[in-house]
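Please open the structure in your viewer and keep the selection panel at hand. The tour below goes from stop to stop, saying what to select and what is found there.

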Amino acid sequence: MRFKNKIVVVTGASSGIGEQTCLDFAKRGADIVLLARSTSRMEAISKKIRENYQTHTLVIQCDVSKKVQVLSMSKKVFDEFDHVDILVNNAGFAIFGSVKDLSIEEMEEQIKTNLFGAIYCTKAFLPSMLTRKRGHIVNIASVAGSIGVPGFASYCASKFGMVGFSQSLYHELKGTGIGVTVVSPITVKTNFFNHPSFQKIKLNYIPPGLSATHVSNAVLRAANSKRLEMIVPFYVRGAVWLIQTLPYLLNPIIGIVFRKHMNNLEKTDNQV
Ligand SMILES: NC(=O)c1ccc[n+]([C@@H]2O[C@H](COP(=O)([O-])OP(=O)(O)OC[C@H]3O[C@@H](n4cnc5c(N)ncnc54)[C@H](OP(=O)(O)O)[C@@H]3O)[C@@H](O)[C@H]2O)c1
């Protein structure tokens, strides 16, 4: 698919992977709908797009975890454009902490944003794609959608959910002209780790991140791909395959390594 004059909706467009994805689609001539909660950040990105690439942009403030806001956002999109070619469900965040320590609300918020946000947006734009018999939905999951790690239970639940939802949808839409591809990155250098809950994690716990551009390149490839999932970088697929193929051997090792770190964090907390 060439992207010139295509209409691309990106959730979580105000920062990180979403911001870079908007810029990279616009660079190839696409019109961009930017969605997030921080309007000022999106306005600045929109201005940059219009000045550098002369494509159309539409900024809509939308909390994707709220289905009423998603519905009203989609009406605004269809007031401006008569269809959507590509939907990138990217909005998401994580709160680090064990299940015993996180509140139910903190867990709900992650799953509502990361998983239900993508479901609401898919429900909003899929009917028009089906009518036109074309379109592509790109869902940003994570390697945490294949491996459950201590300290990220609700985040992992949202991303496992995202992978399962996408896989079912992929099969349902086969032959309709609409593609579904999940992009699952390992860690990425963005504002993602600025959440206060990450402050106590030592940097060596988090592997060095990819650039947002690296992931955005994968998103653009995904929008043209027949594949269900693209793990970024590609060689991490080997690790995921190993863990899923030898779970009895590798899951205990993952558990030991991450648990040891969490226990150390708890000890440090108790000493403070
Ligand atoms: N960074 C990583 O290491 C990493 C690794 C794997 C997967 N991912 C996934 O990549 C995606 C993008 O994350 P990022 O790394 O680019 O982080 P980021 O820089 O923090 O960007 C997150 C984006 O999501 C938006 N967002 C958060 N809650 C929202 C809500 N309720 N409604 C609408 N928008 C919301 C934020 O905008 P507002 O705050 O303005 O609403 C922001 O634009 C997420 O789904 C994340 O899970 C990240």
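How do the residues of the shell around the ligand divide into nonpolar, polar and charged? In this predicted model, the shell is made up of 10 nonpolar, 18 polar and 3 charged residues.

Begin, then, by selecting the ligand together with Gly12, Gly16, Arg37, Ser38 and Gly92, which come nearest among the 31 residues around the ligand. Two elements give two or more residues each to this shell, namely helix 1, residues 16-27, and helix 4, residues 104-132.

**The sheet**

Next, select the strands, of which 7 form an open sheet with parallel pairing, and follow them across in the order 3-2-1-4-5-6-7. At the edges you will find strand 3 (57-61) and strand 7 (229-232), each of which pairs on one side only. Looking along the sheet, you can follow a twist that averages 15° from one strand to the next. To look at one pairing in detail, select strand 6, residues 178-185, which runs parallel to strand 7 and is joined to it by 4 bridges; here Ser184 stands opposite Ile231 in strand 7.

**Helices across the sheet**

Now add helix 4 to the view, which lies across strand 1 (7-11), strand 4 (86-89), strand 5 (135-140) and strand 6, and runs at about 170° to strand 4. Then add helix 5, residues 153-172, which lies across strand 5, strand 6 and strand 7 and runs at about 155° to strand 6.

**Helix 1 with helix 2**

Return to helix 1 and select with it helix 2, residues 39-53; the two pack at an angle of about 20°, with their axes 10 Å apart. That angle is under 35 degrees, and therefore helix 1 is roughly parallel to helix 2. At their contact, Glu19, Cys22, Leu23, Ala26 and Lys27 in helix 1 meet Ile45, Ile49 and Tyr53 in helix 2, and these residues divide into 6 nonpolar, no polar and 2 charged.

**Helix 3 with helix 4**

For the last stop, select helix 3, residues 67-80, along with helix 4, and you will see that they pack at an angle of about 30°, again with axes 10 Å apart, so that the two helices are roughly parallel to each other. Helix 3 passes helix 4 in a right-handed crossing. Showing side chains brings up Lys67, Val70, Leu71 and Ser74 in helix 3, which meet Tyr120, Cys121, Ala124 and Phe125 in helix 4; this contact has 6 nonpolar residues, 1 polar and 1 charged.

Conventions:
Residues are numbered from 1 along each chain as its sequence is written. This is a predicted model: local features need pLDDT of at least 70, side-chain atom pairs count only at pLDDT 80 or more; totals for chains, interfaces and linings use all residues. A residue is near a molecule or strand if its C-beta atom, placed from the backbone, lies within 6 Å of it. Ala, Val, Leu, Ile, Met, Phe, Trp, Tyr, Cys and Pro count as nonpolar, Asp, Glu, Lys and Arg as charged, and the others, Gly among them, as polar. Axes are lines fitted to C-alpha atoms, for helices over the stretch in contact, and angles run from 0 to 180 degrees between N-to-C directions. Angles under 35 degrees count as roughly parallel, over 145 as roughly antiparallel, 65 to 115 as roughly perpendicular and the rest as oblique. A crossing is left-handed if the near helix is turned anticlockwise from the far one by less than a right angle, and right-handed if clockwise. Two residues are in contact if their C-beta atoms, placed from the backbone, lie within 7 Å. Two strands pair if DSSP finds at least two bridges between them.
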